[in-house]
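Biologist: Could you take me through a structure feature by feature, giving the general idea before the particular case?

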Amino acid sequence: MKKLFRSKSNRVICGVCGGIGEYLNVDPTIIRLLALLLGFTGSGVLVYIVAAIIMPDEI
């Protein structure tokens, strides 16, 4: 069973996008671009910060 973790190997800021990309088997760059687009709306920044706090580090 797969679990969602912040990535240690594929991180730029906190590893949230890298962890989501690894979980979904998608290139993390695509996830980062989507996060950037959501960041311009204002709510994306809040979602990223909450995800960085809630998601545990990869073991």
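**Reading a helix, a loop and a pocket**

Modeller: In α3 of this predicted model, the residues Gly44, Ala51 and Ala52 are buried. Seen down the axis of α3, the buried residues fall within an arc of 100 degrees, so they line one face of the helix.

Biologist: What general idea lets one read the faces of an α-helix in this way?

Modeller: An α-helix has 3.6 residues a turn, so residues three or four places apart point the same way. In the present case, Leu46, Ile53 and Ile54 are exposed on the other side of α3, while the cover over the buried residues of α3 includes α1 and α2.

Biologist: How many residues does α3 have, and how far does it reach from its first C-alpha to its last?

Modeller: There are 12 residues in α3, and the helix reaches 16 Å from its first C-alpha to its last, which is close to the 16 Å expected at 1.5 Å a residue.

Biologist: Which residues of α1 are buried, and against what do they pack?

Modeller: The buried residues of α1 are Val16, Cys17, Gly18, Gly19 and Gly21, and they pack against α2 and α3.

Biologist: Turning to the backbone, what sign of phi do most residues other than glycine have?

Modeller: Most residues other than glycine have a negative phi. Here Asn25, although it is not a glycine, has a positive phi of about 55 degrees, and this residue sits just after α1, in the loop between α1 and α2.

Biologist: Is Asn25 buried or exposed?

Modeller: Asn25 is exposed, its relative accessible area being 67%, where the cut-off for calling a residue exposed is over 50%.

Biologist: How does one find where empty space is left among the atoms?

Modeller: Rolling a probe the size of a water molecule over the atoms shows where such space is left. In this model the largest pocket holds about 460 Å³ of space, and the elements that give two or more residues to its lining are α1 (16-24), α2 (28-39) and α3 (43-54).

Biologist: Which element gives the largest share of that lining, and which residues lie nearest the centre of the pocket?

Modeller: The largest share, 7 residues, comes from α2. The lining of the largest pocket has 21 residues, and those nearest its centre are Cys17, Arg32, Ala35, Leu36 and Tyr48. By kind, the lining divides into 16 nonpolar residues, 4 polar and 1 charged. Cys17 thus appears twice in our reading, among the buried residues of α1 and among the residues nearest the centre of the largest pocket.

Definitions and conventions:
Residues are numbered from 1 along each chain as its sequence is written. This is a predicted model: local features need pLDDT of at least 70, side-chain atom pairs count only at pLDDT 80 or more; totals for chains, interfaces and linings use all residues. Side-chain values use heavy atoms; hydrogens and water are left out. On a 1 Å grid over the protein atoms alone, a cavity is a set of points where a 1.4 Å probe fits but cannot get out, and a pocket is an open set with protein on both sides within 12 Å along at least five of seven lines; lining residues have an atom within 4 Å of a point. Grid points are joined across faces, edges and corners, and a volume is the space filled by probe spheres set on the points. Helices (H or I, at least four residues) and strands (E, at least two) are DSSP runs, numbered from the N terminus. Ala, Val, Leu, Ile, Met, Phe, Trp, Tyr, Cys and Pro count as nonpolar, Asp, Glu, Lys and Arg as charged, and the others, Gly among them, as polar. The expected span of a helix is 1.5 Å times one less than its number of residues. Buried means under 20% relative accessible area, exposed over 50%, partly exposed in between (1.4 Å probe, protein chains only). The arc is that of the directions from the helix axis to the C-beta atoms. Contact means heavy atoms within 4.5 Å.
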